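Colleague: I would like to learn how to read burial, packing and backbone features from a model. Could we go through them one at a time?

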Amino acid sequence: FGMVLLEAIIAELPVIASNAGGAAEIITRKQWLFNVGDVEKLAQLMIKIHTLDASERNALNHQNKLHLEQNFTDNAVQNAFWKLPFMQLLMQHKVI
């Protein structure tokens, strides 16, 4: 899971990541992902992220943080858990 990515987003840092593990769940804009071993793409993304102006950086940070808040906070995970079909079935039958 991409805990380091979530921590970077909370710190309002723009992030790039390899398209492996949980990164693709966290990074919603796929242009900021690179395939493992693709050093050319990694270098391009490092340059691109370094050259973002303040407005672009703020927009990217805002989008990432909004996605984090909607999907990875305690409340978001708890809400998603209770919406799972299995949990709905248990609640219907008053098992829990």
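Modeller: Let us start with a single residue: E56 is found in helix 4, where helices (H or I, at least four residues) and strands (E, at least two) are DSSP runs, numbered from the N terminus. Please keep in mind that this is a predicted model, in which local features need pLDDT of at least 70 and side-chain atom pairs count only at pLDDT 80 or more, while totals for chains, interfaces and linings use all residues. Residues are numbered from 1 along each chain as its sequence is written, and side-chain values use heavy atoms, with hydrogens and water left out.

Colleague: Which exposure class does E56 fall into?

Modeller: The classes rest on relative accessible area, with buried meaning under 20%, exposed over 50% and partly exposed in between (1.4 Å probe, protein chains only). E56 has a relative accessible area of 41%, and therefore counts as partly exposed.

Colleague: How far apart are the C-alpha atoms of E56 and Q70?

Modeller: These two residues are 14 apart along the chain, and their C-alpha atoms are separated by 21 Å. Q70 also lies in helix 4, and it is exposed because its relative accessible area is 52%. Between Q70 and L33, which are 37 residues apart along the chain, the C-alpha separation is 20 Å.

Colleague: Is N64 buried or exposed, and why?

Modeller: N64 counts as buried because its relative accessibility is 3%. This residue lies in helix 4, which covers residues 54-71. A contact means heavy atoms within 4.5 Å, and, leaving aside neighbours within four places in sequence, N64 is in contact with I9, V15 and T28.

Colleague: I9 brings us to helix 1; which residues of helix 1 are buried?

Modeller: In helix 1, residues 3-10, the buried ones are L5, L6, A8 and I9. Seen down the helix axis, the buried residues of helix 1 fall within an arc of 160°, so they line one face of the helix; the arc is that of the directions from the helix axis to the C-beta atoms. Those buried residues pack against strand 1 (17-18), helix 2 (23-26) and helix 4.

Colleague: What should I look for in the backbone just after helix 1?

Modeller: The general idea is that most residues other than glycine have a negative phi. Here, E12 has a phi near 60°, a positive value in a residue other than glycine. E12 lies in the loop between helix 1 and strand 1, and it counts as partly exposed because its relative accessibility is 48%.

Colleague: How should I read the chain as a whole, beginning with the order of its elements?

Modeller: The protein chain has six helices and two strands, which run α-β-α-β-α-α-α-α from the N terminus on. For overall shape, one takes the radius of gyration over C-alpha atoms and sets it beside a globule rule of 2.2 Å times the number of residues to the power 0.38. A compact globule of 96 residues would come out near 12 Å, but the protein chain has 17 Å, and its C-alpha trace spans about 55 × 30 × 15 Å along the principal axes.

Colleague: What share of the residues is buried, and what share of the contacts links residues 24 or more positions apart?

Modeller: Buried residues make up 27% of the 96 residues. Among contacts with a separation of 6 or more, residues 24 or more positions apart account for 38%.
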